[in-house]
Amino acid sequence: MIRLGLFCVAVFLLSEGVDGLFDTQGPSFVVEPPPRLEFTNSRGGRVDCQAEGNPDPMVDWVAADGSPLSVIPGVRMPMGNGTLIFPPFQAEIYRQDVHAAVYKCVATNAVGSIVSRDVVVKAEINQAWI
Ligand SMILES: *[C@@H]1O[C@H](CO)[C@@H](O)[C@H](O)[C@H]1NC(C)=O
């Protein structure tokens, strides 16, 4: 029984690779967001951010001052997978603090944390959208 147990551990180490278990690595961007995102209220916009590392990093969006973004349903939706979505919106709900603002992407794992360049977001009102 003990022998079988040791055998299983050995097979596990071989198949996982010692590197995979012990070689932790800080996050780095695979897709760093662009410096600007412009969109119209009738189309909406989205911006992606992806990072890798070991363990897998969490990717999040923050405001210019580093504070976490609140979800504003139908207006500003961080998806949790690194994508930040600004759905199409009616002119009346334009919000300067959301639609003309600076955002940053942050990737964090147990080793550390990295912050993207500033992303300047600018929404133009092109028509009443119904
Ligand atoms: C994240 O999720 C959203 C909504 O489900 C999807 O549209 C988007 O493509 C995803 N982003 C990535 C990078 O997979």
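Visitor: What is the volume of the largest cavity?
Guide: The model is a predicted one, in which local features need pLDDT of at least 70, side-chain atom pairs count only at pLDDT 80 or more, and totals for chains, interfaces and linings use all residues. A cavity here is a set of points, on a 1 Å grid over the protein atoms alone, where a 1.4 Å probe fits but cannot get out, and its volume is the space filled by probe spheres set on the points, which are joined across faces, edges and corners. By that reckoning the volume of the largest cavity is about 30 Å³.

Visitor: Which strand gives the most to the lining of the largest cavity?
Guide: Lining residues have an atom within 4 Å of a point, and for the largest cavity they are Val59, Asp60, Trp61, Pro78, Met79, Gly80, Asn81, Gly82 and Thr83. Strands are DSSP runs of E with at least two residues, numbered from the N terminus. The element that gives the most, with three residues, is strand β5 (residues 58-63).

Visitor: How many residues of that lining are charged?
Guide: Ala, Val, Leu, Ile, Met, Phe, Trp, Tyr, Cys and Pro count as nonpolar, Asp, Glu, Lys and Arg as charged, and the others, Gly among them, as polar. On this division the lining of the largest cavity has four nonpolar residues and four polar ones, and the number of charged residues is one.

Visitor: Which residue has a polar side-chain atom 2.8 Å from a nitrogen atom of the ligand?
Guide: The residues around the ligand, meaning those with a heavy atom within 4 Å of it, are Arg46, Gln50, Met79, Asn81 and Thr83. Among the polar contacts, which are pairs of N or O atoms within 3.5 Å, arginine 46 reaches a ligand oxygen atom at 3.2 Å, and an N or O atom in the side chain of asparagine 81 lies 2.4 Å from a ligand oxygen atom. The contact to a ligand nitrogen atom, at 2.8 Å, belongs to threonine 83.

Visitor: How far apart are the closest N and O atoms of lysine 122 and glutamate 124?
Guide: Residues are numbered from 1 along each chain as its sequence is written, and side-chain values use heavy atoms, with hydrogens and water left out. A salt bridge is a side-chain nitrogen of Lys or Arg within 4 Å of a carboxyl oxygen of Asp or Glu, and the whole structure holds four. Lysine 122 is partly exposed (between 20% and 50% relative accessible area, 1.4 Å probe, protein chains only), at 34%, and its closest N–O distance to glutamate 124 is 3.2 Å.

Conventions:
On a 1 Å grid over the protein atoms alone, a cavity is a set of points where a 1.4 Å probe fits but cannot get out, and a pocket is an open set with protein on both sides within 12 Å along at least five of seven lines; lining residues have an atom within 4 Å of a point. Helices (H or I, at least four residues) and strands (E, at least two) are DSSP runs, numbered from the N terminus. A polar contact is a pair of N or O atoms within 3.5 Å; within protein, one must be able to donate a hydrogen and the other to accept it, and residues adjacent in sequence count only if both atoms are side-chain atoms.
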